[in-house]
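Work through the exercises below with the sequence and coordinates open. Each task is followed by a solution in steps.

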Amino acid sequence: MLAKMKSGFRMWMPNMPMTLVSARNATDIHPSSAVFRVLPRMTKHEIKEYLTKIYELPVRKVNTMIYLGKRKQAFGKRGIARWKERDYKKAIVTFDRSVQNVGLGTRIPELEDQEANDQHKITA
C-alpha cells in the first residue's frame with residue numbers, strides 16, 4: 001500500500017534552512033524583493049509555499065539559481081589537501097505590491113534613547 005503513494009510528494013517542515021542574504025524595499029519602479037540561500041533540492045513552488053504558509057508573505061514570483069561549490073586545495077608539509085565546498089541554491093523572491101517595507105533596518109525607540117543617553121554621559 002505504501003508503494004502506491006505518489007513518489008513526488010514531499011512534506012516540508014518549518015526546520016528547513018532559509019538564510020536571508022539581502023533584501024530591497026519597494027520603489028516606484030520595482031516591488032520589494034529578498035534573496036535567500038536555500039537547500040539545492042527545494043523547488044520554486046516549495047519556496048513560495050514555505051514563505052506564504054509559515055510567514056504569511058504575499059509572494060508574487062520566485063527565481064532560483066544553482067551554484068556549484070568551489071573546489072579548494074591547500075599545500076602543506078604533508079602534501080596537498082583538496083576539498084569542495086557545498087553546493088547551494090539562491091532564491092530571489094519578489095513580493096506583492098502590498099509589501100512596501102521589508103522590515104530591515106527597523107529602529108527600536110527604547111534602544112535609541114538608551115544609546116543617546118550613553119553618548120551624552122560620555123561627552124559630559
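The model is a predicted one.

**Exercise 1.** Classify Glu 56 as buried or exposed, then describe its place and backbone.

Solution. The relative accessible area of Glu 56 is 68%. The cut-off for exposed is over 50%, so Glu 56 is exposed. Next, locate the residue: Glu 56 sits in the loop between α1 and β3. Finally, take the backbone angle: phi of Glu 56 is positive, about 55°, although the residue is not a glycine. Most residues other than glycine have a negative phi.

**Exercise 2.** Classify Glu 46 as buried or exposed, and find a polar partner for its side chain.

Solution. Glu 46 belongs to helix α1, residues 44-55. Its relative accessibility is 13%. Buried means under 20%, so Glu 46 counts as buried. A polar atom of the Glu 46 side chain lies 3.0 Å from the backbone nitrogen of Thr 43.

**Exercise 3.** Give the strand order of the open sheet and identify its edges.

Solution. The 4 strands are ordered β1-β2-β6-β3, with antiparallel pairing. β1 (19-24) and β3 each have a single partner strand, so these two stand at the edges. Between β3 and β6 there are 8 bridges; in this region Lys 61 stands opposite Thr 94 of β6.

**Exercise 4.** Relate α1 to the sheet and to the largest nonpolar core.

Solution. α1 lies across β2, β3 and β6, at about 130° to β3. The largest nonpolar core has 16 residues, and Ile 47 is among those with the most contacts inside it. β2 (33-38), α1, β3 (59-67) and β6 (88-95) each supply at least two core residues. Beyond four places in sequence, the contacts of Ile 47 include Met 18, Val 38, Val 62 and Val 93.

How values were computed
Residues numbered from 1 in each chain as written. Predicted model: local features only at pLDDT ≥ 70, side-chain atom pairs only at ≥ 80, totals over all residues. Heavy atoms only, no water. Buried < 20%, exposed > 50% of the residue type's maximum accessible area, 1.4 Å probe, protein only. Polar contact = N/O pair within 3.5 Å; in protein donor to acceptor, adjacent residues only side chain to side chain. Core = buried A, V, L, I, M, F, W, Y, C linked by side-chain atoms within 4.5 Å. Contact = heavy atoms within 4.5 Å. Pairing = 2+ DSSP bridges. Axes fitted to C-alpha atoms, helices over the stretch in contact; angles between N-to-C directions.
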